[in-house]
Amino acid sequence: MDTTHEVFNQPTPLVDYNLFDTHRSLRDALKFNAPALQTTQLHELGATLGSAAMQAHARLANIHTPELHTHDRFGRRIDEVEFHPSYHALMTAAVGAGLHGTPWTGTSASPHVLRAAGFMLFTELEPSVLCPISMTYAVTPALRGNVGVHADWGPKLASLWYDPALKPLHDKPGVTMGMGMTEKQGGSDVRANTTQAVRDGSDAWGERYAITGHKWFFSAPMCDAFLILAQAPAGLSCFFLPRVLPDGSRNAIHIQRLKDKLGNKANASSEVEFHGASAWLVGEEGRGIPQILEMGTMTRLDCSLGTSGLMRQALGIALNHTAQRQAFGKPLVEQPLMKNVLADLALESEAATALAIRLARAFDRQADAHENLMARLLTPVAKFWICKRGSHFAQEAMECLGGNGYVEEGGEGILARIYREMPLNSIWEGAGNIMALDLLRGLRKGDAVAALAHELAPARGQQPALDRLADALPARIEAMASETEARRLAQDVALAVQAALLVQTAPAAVADAFCASRLGGDWGQAFGTLGAGTDFDSIIQRAQPR
């Protein structure tokens, strides 16, 4: 014998397929939330993102991680981060697809929903590069607080051209932006920030300040500019901080080191110091937190979208593997216990997609009082619940592949990358407790009981378990005086809205199984514990990625 074995019973990779055309739950969510939306662009994007070439870029960008160069060969301070060419290829694709600032200038009937769907699809390919994309999307509303800066930077934040070079604004066809809030001593408590802002004159961009201090988490430090928080004489204020100043010189932003993170490897996250760096006031002095939180609201939407996309990709890989892998005499997907696991994961994925796209719809209709309040309520709810479910979801999907899923190699090795990525969306822009507290604040902004009743009304009378939960929510909301049960309330609001959406958009097999398990108690403490009466085959067939 000159060989020891023949390779067989190994699945072909999930590659060269259209992410959008096979994502039935996303397509149904779009029909429900934006019925007039033209999806040709999403079809084209789905084909691109499912290609072998783009998957190779995602792999290489994560293997060849960013490298920090604080000085050049002559000893001059440069503070630059070098990326693999595949990172720039991914950024070019994301910017070209308009996943950054375009909804603020777009002509689509539902620009935020269109962008949300594209963002979700791109996350299936590679989520790390979407950090600067998300921040660039979110910065525009906050940047309106400085008329001069917004006039100069706004159009280029929506440009479909990606230019990674550090150059003055007038030499760049398009730009990206980030944010910097967190300091060592404060974390989520940004009021503890110590970075100081001292008045330094004024110019075409308004009131200019010299910034001295640090940021403990400063993600995507190669962005062209940032919104940061610093202490001014009137209190914590929001400032616009460019990497390159109008005269072409580098701003005094010194990158100390890059973070060694669990996941999110292709994206550079850094620690920085400001040594008298020039920045311009955005909004009113002393009103920095409300100003920059406008940006945080949009990035929290992206956390929900991102986790939903990662769920979909993990599910697709698990379905692709189990449909081809033989075990105990038949394909894994035909084994009763595996059917239960896969159907359960499919329910979770569809519910996450439905809730995330519903939230995006609210941002398209902010002139509507109901939609405005639902954006305020559902943003923390969706981020809390969808992101909390992500890590468990990825672990279960990985288990469907056994050891193949745990290995960092090949097409199925994407699952290991997804698993490492999942906790980030739960932590970034406010962890679970912050979201629960934000929900409590949102409940005081308007008639939340009436808003939720209106939201759930179209689905009432079809699922007894949903009706019982909907009946109980008003008294719980009105009695919510303690923070202790805020997480449970966030969970139950999320489940109620998800169930109502599935009743209206999904086949009966999906809605019935979701309500019976998540709301009706016919479920265990782990994925794969659906009741025996579940229509497993219909749920699994709907979720197949091919």
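At roughly what angle do the axes of helix 10 and helix 16 cross? Before selecting them, note that this is a predicted model, in which local features need pLDDT of at least 70, side-chain atom pairs count only at pLDDT 80 or more, and totals for chains, interfaces and linings use all residues. Residues are numbered from 1 along each chain as its sequence is written, and side-chain values use heavy atoms, with hydrogens and water left out.

Select residues 369–401, helix 10, together with residues 486–505, helix 16: their axes (lines fitted to C-alpha atoms over the stretch in contact, with angles from 0 to 180 degrees between N-to-C directions) come within 9 Å and cross at roughly 90 degrees. The two helices (DSSP runs of H or I, at least four residues, numbered from the N terminus) are therefore roughly perpendicular (65 to 115 degrees). In the contact (heavy atoms within 4.5 Å), helix 10 contributes residues including F384 and W385, and helix 16 residues including R487 and V493.

Next, show residues 288–324, helix 8, beside helix 9, where the axes come within 9 Å and cross at roughly 155 degrees; the pair is therefore roughly antiparallel (over 145 degrees).

Keep helix 9, residues 336–364, selected, since the next stop is the largest nonpolar core, to which this helix gives the largest share, 17 residues. That core (buried Ala, Val, Leu, Ile, Met, Phe, Trp, Tyr and Cys joined through side-chain atoms within 4.5 Å, buried being under 20% relative accessible area with a 1.4 Å probe, protein chains only) has 186 residues, and I211, L227, F239 and F240 have the most contacts inside it.

Finally, centre on I211, which, leaving aside neighbours within four places in sequence, is in contact with residues including I228, F239 and F274.

How values were computed: Buried < 20%, exposed > 50% of the residue type's maximum accessible area, 1.4 Å probe, protein only. Parallel < 35°, antiparallel > 145°, perpendicular 65-115°, else oblique.
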